[in-house]
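Here is a friendly walk through a protein model for someone meeting it for the first time. Have a look at it, then read on.

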Amino acid sequence: MNNGLKITVFAAALAATFGTAYGVGKGADPLVSTGAHAPKQHGGHVATGRDGAAEHGPGGLQISEGGYTLALDTPAVAAGGRTGIRFAIEDDAGRKVTAFRREHGKELHFILASRDLTEYRHLHPVRAADGTWSTSVDLPKAGDYRVFADFTPAVEGAENLTLGADLPVSGAYRPAAPPVARTTAEVEDYRVALGGELRAGRESELELTISRNGKPVTDLQPYLGAYGHLVALRSGDLAYLHVHPNDGGPGPAVSFTATAPSAGTYRLFLDFQHEGKVRTAAFTVEVEPSVRTPTGANSEHQH
């Protein structure tokens, strides 16, 4: 385990949910290559900074971007039971979009998370012929939530977009105690260890190692075309990153190359599939500010 990884604790509203599992599907899609030409990270644009380093703008902060809008038909839902959510992606003329490029087996990835980041779902809505998407979800607790639609329109030259919108969930709400800081997550009888250090404005490698009852898991199953999917949400504004794994597998370690858009506290959610069930492991990490020299170059990369 890389000791450079620093785990922090959210404010008192963050519940002790390390290792909470949410099954979101049992189908195994064909494994899709995540080689050098495949996109590793969704969720924002990439620009070049003054020192030539890549600067990754976060996604999910806007409801409209690039001529497209996330139109929620469900303004609010109630906690404590299964409820439906309906939405559409509209173009700049207000028409519902019906053509999308498939990314890892799906036309659109739909993420739902509570503002305190104690609840998380990776959902798979169904699109009707008119462009209306629908899904159902069971949320046990009330509070402020945000939904994210991660997609690429089937238009020449279109880029991947992540649009976000707020979704209130009604019901009695009580802030929970913060979780204990650690670099492992317990999910049923699985243990997931997080190694590496997420950096602001710089690519870095994160490695998640999965074991079960003390034995390495070496037969992970493809889920959405890969052996694991990693979503990072920044505490505060819920800036969104969706990272696909590097080549390798099927376990026990799954590695990701990721870039945090800024310093701050991030909640990481790893989806992995084993024996036909998808499980989610969650971690909290603190990303330190980049240290720069007076010339603007990142000092840790000086020779």
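Is R95 buried or exposed? R95 is exposed, because its relative accessible area is 54%. Keep in mind as you browse that this is a predicted model.

**The overall picture**

Let's zoom out for a moment. The protein has 22 strands and zero helices. Of its 303 residues, 50% count as buried. The protein exposes about 13,400 Å², and carbon and sulfur atoms supply 49% of that area. If you take the contacts between residues at least 6 apart in sequence, 68% of them join residues at least 24 apart.

**How some of the strands line up**

Strands of a sheet pair through backbone hydrogen bonds, and they can do so either parallel or antiparallel. Here, one open sheet is made of five strands, and reading across it you get β4-β5-β7-β11-β10. The pairing in that sheet is antiparallel. Its edge strands are β4 (64-65) and β10 (126-127), each of which pairs on one side only.

Start at the β4 edge. β4 pairs with β5 (residues 68-72) over two bridges, in the antiparallel sense. To find the spot, look for S64, which stands opposite T69 in β5.

Now move on to β13, which covers residues 161-170. How many of the 10 residues of β13 are buried? Seven of them are, so to speak, tucked under cover, and the strand counts as mostly covered. β13 is joined to β12 (residues 143-151) by nine bridges, and these two strands run antiparallel. Y145 stands opposite L167 in β13. β13 is also joined to β6 (residues 77-78), this time by two bridges and with the strands running parallel. On that side, V77 stands opposite V169 in β13.

**Rings that meet**

A pair of aromatic rings is described by the distance of the centres and the angle of the planes. The structure holds eight aromatic pairs. One of them is formed by Y68 and F151, which sit edge-to-face with 6.3 Å from centre to centre and 75° between the planes. Y68 lies in β5 and F151 in β12, so this pair ties together parts that are 83 residues apart in sequence. Y68 and F151 are both buried.

Another pair is F87 with F110, and this one is stacked: the centres are 4.4 Å apart and the planes differ by 10°. Since F87 belongs to β7 (residues 82-91) and F110 to β8 (residues 108-114), the pair ties together parts 23 residues apart in sequence. F87 and F110 are buried too.

Which residues do the ring pairs link into a cluster? The cluster holds Y68, F87, F100, F110, W133 and F151. That list includes the residues of both pairs described above.

**Charged partners**

Side chains of opposite charge can pair when their charged atoms come close. A search of the whole structure finds 13 salt bridges. Three of them are set out here, with the N to O distance for each.

| Salt bridge | N to O distance |
|---|---|
| D91 and R95 | 2.9 Å |
| R121 and E119 | 3.2 Å |
| R191 and E186 | 4.0 Å |

What surrounds these partners is worth a look. D91 counts as buried because its relative accessibility is 16%, under the 20% cut-off. Its partner R95 is the residue from the opening question, exposed at 54%, which is over the 50% cut-off.

In the bridge between R121 and E119, R121 is buried with a relative accessible area of 8%, and E119 is buried with a relative accessible area of 8% as well.

For the bridge between R191 and E186, are the partners buried, exposed or partly exposed? R191 counts as partly exposed because its relative accessibility is 39%. E186 counts as partly exposed too, at 35%.

Finally, look for R115, R146 and D166, which are linked in a network of salt bridges.

Key
Residues numbered from 1 in each chain as written. Predicted model: local features only at pLDDT ≥ 70, side-chain atom pairs only at ≥ 80, totals over all residues. Heavy atoms only, no water. Pairing = 2+ DSSP bridges. Helix = DSSP H or I, 4+ residues; strand = E, 2+ residues; numbered from the N terminus. Buried < 20%, exposed > 50% of the residue type's maximum accessible area, 1.4 Å probe, protein only. Phe/Tyr/Trp six-rings, centres within 6.5 Å; stacked < 30°, edge-to-face > 60°. Contact = heavy atoms within 4.5 Å. Areas by Shrake-Rupley, 256 points an atom, 1.4 Å probe, with all protein chains shown as cover. Salt bridge = Lys/Arg side-chain N within 4 Å of Asp/Glu carboxyl O.
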